[in-house]
Amino acid sequence: MNWLSASQGVVLTAYHPSNSNAVAGSNAKESEETSPSSRRSGQYTMNHENSKKSTQTPPFERSCSQDSLDELSFDDYWKELEDIHETSKNNQREQEVVVVKEPDEGELEEEWLKEAGLSNLFAESADSLESMVFLSTLTRTQAAAVQKRVETVSQTMRKKNKQYQVPDVRDIFRQQSDSKEKVSGESEPTSVRTRENKNEEKDDPELSLGISEKSSLLEDTPVSETDINLEISFAEQAANLKDNSIGKMCKDKEDDTLLPNFRLPKDKTGTTKIGDLAPQDMKKVHSLALIELTALYDLLGTEFKQPKAIKIKTKDSGLFGVPLSVLLEQDQKKEPSTRIPLIFHKLISQIEEARLDTEGLLRIPGVAARIKSLCQELEAKFYEGTFNWENVKQHDAASLLKLFIRELPQPLLTVEYLKAFQDVQNLPTRKHQLQALNLLILLLPEANRDTLKILLEFLQRVIDCRDKNKMTLNNVAMVMAPNLFTFHGYGSKTVEQSEFVMAAGTANVMRFMIKYQNLLWTIPKFIVNQVRKQNTANQKKEKKDKAMKKLLKKMAYDKEKYEKQDKSPNDADVPQGVIRVQAPHLSKVSMAIQLTEELKASDIVARFLSQKSGVVQALKKEEVFLYEIGGNIGERCLDDDTYMKDLYQLNPNAEWVIKSKHS
């Protein structure tokens, strides 16, 4: 059975297990010396003769870059699949398999609205004002994505004859439009305004999310091919590109095997990374990222559906085959600060202790029988602290690490988003693919995202030693892709067949995640700005609610006056162009700072740390950060290169505090 790789023109052949003469891969001989797995039937392999005939690539056109793909690289992919199936045969431990439910379209979209924070649009007698505020912050393409799902749910509910009234989608978005105008009319100078206020927007573009100004920015701002624009919605950028293109949007004509050096242009108000925002703001980020990703997929013609895993009984203790959340819960009893499973961290440490320059690291498997024995011993002795790690060879530890990832009851990339990760390969340009991956990373649960980050950082360290270990970016991606993307819980043969069809695609997605990991953990500025706008609108609503309660209850004291009394005299009279920075854990607990054009967050931290004391000497510069707190943001850790005057203009009501992260 042959499949043709779209990006390579390589014929990939899957041999039937009965074909004992199938070639296991270019490294079969080397693997045979280290593992009996090389003597198996060769279930997954590649037809070298056909692939050579199909490509016919002249030598001068073949790239020797570590970023390039060629037909021989797929040997690693198929051999890894062989190793996975061999390990599965040898591992007889009972494990519950998560089965994925296939709900109808209406149920899928209802779940989507729930995750997007818009479920109260259809709840009985629910106050939808909060949703109206949320909808008022959406871009045109985001609103279109929501409207499409609302229409589907409305039709489904009418078919099911729901007892309560289903709102008409036109009424919802008419209310949303009215709410948007109302919020815009009341907003502060830094808030988003409607199209009727175009002239005012020119003076204050920071939070503006309207379509006309975004189009203008796209046309007037020269952006290089490798720049990633985080200020404008990704879907809006794609829509603008589509509108300005003749005919259908075409896939990159460049060499698909070479990855460009994408970069993020400097943002004077600071780059926001995952972990920099308070939990309440990250919930808003999650909702906005889901809507933005859906809008982007809709626009680019890629179906976005979130299958749901049926909840079944899984292991509630142990190491392998245990849900990530359960593992973390039991590990945090031992080490409260840990953010990834202890066994995962220990396996990576064990691999690195033996140096990363071992040739074939991650590619050459450990002996299957020994891996099974080590698994059983780890299950019994790891938490007791009696396991002897001296018995674990480096290739064994690498095999155990991959086994841990595969045996998670639900994939590390989650059941809900695994297909969306796989479908990244279908997007027309590499920039779209990177944007989609950025949004998908934001959507992962915290435990999955933290574990994935540690894994990608480790894989990059392996690649850094490629001159000695012969494991390039492409080799590592080929070996790791089957471990992250192979999931049999869908209960469908088509998924297993897609292991072949999507070999190149999933390996490319893996390459993207490794190469661009520093970019993928960035929260786009346009999403942060939408969070700011939501917070501003909610604060106005809260103030009105408080005023009404105060009037009805005839409160005897003025809360606002009470809060002013609670502030220090120095805070009450801070002159314009000056901010007061608090540092409760340092010897100098407060300082008035004059804002200048060149003043950065790092300069303020340095001023405080320069105040000598015993407490300060115990702190290092990399341990303390300047935080923006309140105003139109919950809490945000600032990067060193944030220009404070620009940020102050964006959020003049914020307080500024120096503290350590997670304190």
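Student: What area does the protein expose, and what share of it do carbon and sulfur atoms supply?
Tutor: The model is a predicted one. In it, the protein exposes about 32,200 Å². The share of this area that carbon and sulfur atoms supply is 49%.

Student: How many helices and how many strands does the protein have, and what percentage of its residues count as buried?
Tutor: The secondary structure consists of 29 helices and 11 strands. A residue counts as buried when its relative accessible area is under 20%. Of the 663 residues of the protein, the share that counts as buried is 52%.

Student: Which residues touch the most other members of the largest nonpolar core, and which helix gives the most to this core?
Tutor: The largest nonpolar core holds 128 residues, and M510 and M513 touch the most other members. The helix that gives the most to this core supplies 10 residues and spans residues 279-299; it is helix α11.

Student: With which residues is M510 in contact, leaving aside its neighbours within four places in sequence?
Tutor: Contact here requires heavy atoms within 4.5 Å. Once the neighbours within four places in sequence are set aside, the partners of M510 are L456, L459, A477, M480, A481, L484 and F485.

Student: How many residues form the second, separate core?
Tutor: Among the members of this second core are A583, I593, A601 and I604. The core is separate, and its number of residues is 22.

Student: Where is R355 found, and is it buried or exposed?
Tutor: R355 is found in the loop between α13 (342-353) and α14 (368-381). Most residues other than glycine have a negative phi. R355 is not a glycine, yet its phi is positive, at about 70°. Its relative accessible area is 54%, and the cut-off is over 50%, so R355 is exposed.

Student: What is the relative accessible area of K470, and where does this residue lie?
Tutor: K470 lies in the loop between α19 (466-469) and α20 (473-485). Its phi is positive, near 60°, in a residue other than glycine. K470 is partly exposed, with a relative accessible area of 45%.

Student: In which strand is confidence lowest, and in which is it highest?
Tutor: The mean pLDDT of the protein is 75, and 64% of its residues reach 70 or more. Confidence is lowest, at a mean of 33, in strand β2 (residues 11-13), and highest, at 98, in strand β6 (residues 522-523).

Student: How many contacts does the stretch of residues 179-224 have beyond near neighbours in sequence?
Tutor: Over residues 179-224 the pLDDT is below 50. Beyond near neighbours in sequence, the number of contacts of this stretch in the model is 71.

Notes: Residues numbered from 1 in each chain as written. Predicted model: local features only at pLDDT ≥ 70, side-chain atom pairs only at ≥ 80, totals over all residues. Heavy atoms only, no water. Core = buried A, V, L, I, M, F, W, Y, C linked by side-chain atoms within 4.5 Å. Buried < 20%, exposed > 50% of the residue type's maximum accessible area, 1.4 Å probe, protein only. Helix = DSSP H or I, 4+ residues; strand = E, 2+ residues; numbered from the N terminus. pLDDT = per-residue confidence, 0-100. Areas by Shrake-Rupley, 256 points an atom, 1.4 Å probe, with all protein chains shown as cover.
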